[in-house]
Amino acid sequence: MNSKTQIKKIMKAVGLSACVLALTGCGSDKASSVTLNLKLGTYSTAEAKLMDLLIPRSHAAVSSAQLCFKRLRFKTTDTNTDASEVESSEDNVDFQIGEVSLSPTSTSLGAITLPAGTYRRVEFDLENNCGSGNSVELVNDNGSYSSQERITIKFSGQFDANDDGVLTLGAQNILDQLNNYSGTGSLKDAAEAVSGELSN
């Protein structure tokens, strides 16, 4: 076998390998992850209920809230976490978008790329590493409050992440809780006592 024949065989093998890689590699990478633009959905801080029309009652309303975002987790199961899991979990993603002022007309948080799949829980860790030195700052009709503690806010439900797009997190339950906070107990406990909504 002469050298020209050997070179032709090598070129043929290289060409075949390139074709196989082109057919299998590229498509699977694209299908294995999605990019989501995250935002907190709209909310109302002074909902009027039917009973309120009949029997007036005081209702605290959040006039401003700033959260200092540090990291987030997308979970495939709806399980509670504790402080040790927050520190060691492999699904932690640093998400240092800094201090964000919440808006009733929705709040954009930024984009994240994650593996395609079905998720049942999203958690955000709020920490005191922003300029204010607080993880949460809150003003409602009861007063002004802040916390320097790590606070984890949760969103539970089911979200199928199959395509790039927008994931809107329902924050009404959390804002209802903050509406009623009056300084009794810790702000951390109040914010972590309820979950927001996660859904397609």
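## Core, rings and charges around strand β8

Of the 40 residues in the largest nonpolar core of this predicted model, L36, L38, F74, F124 and F155 touch the most other members.

Trainee: How many of the eleven residues of β8 are buried?
Mentor: Strand β8 spans residues 151-161. The strand is mostly covered. The count of buried residues is eight.

Trainee: Which strand pairs with β8 over nine bridges?
Mentor: Look for the antiparallel partner of β8. F124 gives a handle, as its bridge partner in β8 is I153. The strand with nine bridges covers residues 117-126 and is β5.

Trainee: Which strand runs parallel to β8?
Mentor: Five bridges make this connection. One position to check is Q158, which stands opposite S199. The parallel strand covers residues 195-199 and is β10.

Trainee: Which aromatic residue does L36 touch besides F159, leaving out residues up to four places away in sequence?
Mentor: The contacts of L36 include G110, A111, I112 and L114. Among them are also A161, D163, G165 and L167. Besides F159, the aromatic residue is F74.

Trainee: How are the rings of F74 and Y119 arranged, stacked or edge-to-face?
Mentor: The structure holds four aromatic pairs. In the pair of F74 and Y119, the centres are 5.6 Å apart and the planes stand at 80°. Planes over 60 degrees apart count as edge-to-face. The arrangement of F74 and Y119 is therefore edge-to-face.

Trainee: How many residues apart are F74 and Y119?
Mentor: F74 sits in strand β2, residues 64-75. Y119 sits in strand β5. Both F74 and Y119 are buried. The pair links distant parts of the chain, and the separation is 45 residues.

Trainee: Why is the pair of F124 and F155 edge-to-face?
Mentor: The ring centres of F124 and F155 lie 6.1 Å apart. The pair is edge-to-face because the planes stand at 90°.

Trainee: Which strands does the pair of F124 and F155 tie together?
Mentor: The two residues are 31 apart in sequence. F124 has a relative accessible area of 0%, so F124 is buried. F155 also counts as buried, at 0%. F124 lies in β5 and F155 in β8, so the strands tied together are β5 and β8.

Trainee: Which residue do ring pairs link with F124 and F155 into a cluster?
Mentor: F124 and F155 form an edge-to-face pair. Ring pairs bring in one further member of the cluster, F69.

Trainee: Which residue forms a salt bridge with R71?
Mentor: The structure holds seven salt bridges. In this one, the closest N and O atoms are 2.8 Å apart. The partner is buried, as is R71. The partner of R71 is E127.

Trainee: Which strands are tied together by E123 and R73?
Mentor: E123 forms a salt bridge with R73, with the closest N and O atoms 2.8 Å apart. The residues are 50 apart in sequence. E123 counts as buried at 0% relative accessibility, and R73 at 1%. E123 lies in β5 and R73 in β2, so the strands are β5 and β2.

Trainee: Is R150 buried or partly exposed?
Mentor: R150 forms a salt bridge with E127, with a closest N and O distance of 2.8 Å. E127 counts as buried at 14% relative accessibility. R150 has a relative accessible area of 25%, so R150 is partly exposed.

Trainee: Which residues do salt bridges that share partners join with R71, R73, E123, E127 and R150?
Mentor: E127 is one shared partner: E127 bridges to R71 and to R150. The network also takes in R121 and D125.

Key. Residues numbered from 1 in each chain as written. Predicted model: local features only at pLDDT ≥ 70, side-chain atom pairs only at ≥ 80, totals over all residues. Heavy atoms only, no water. Buried < 20%, exposed > 50% of the residue type's maximum accessible area, 1.4 Å probe, protein only. Helix = DSSP H or I, 4+ residues; strand = E, 2+ residues; numbered from the N terminus. Pairing = 2+ DSSP bridges. Core = buried A, V, L, I, M, F, W, Y, C linked by side-chain atoms within 4.5 Å. Contact = heavy atoms within 4.5 Å. Phe/Tyr/Trp six-rings, centres within 6.5 Å; stacked < 30°, edge-to-face > 60°. Salt bridge = Lys/Arg side-chain N within 4 Å of Asp/Glu carboxyl O.
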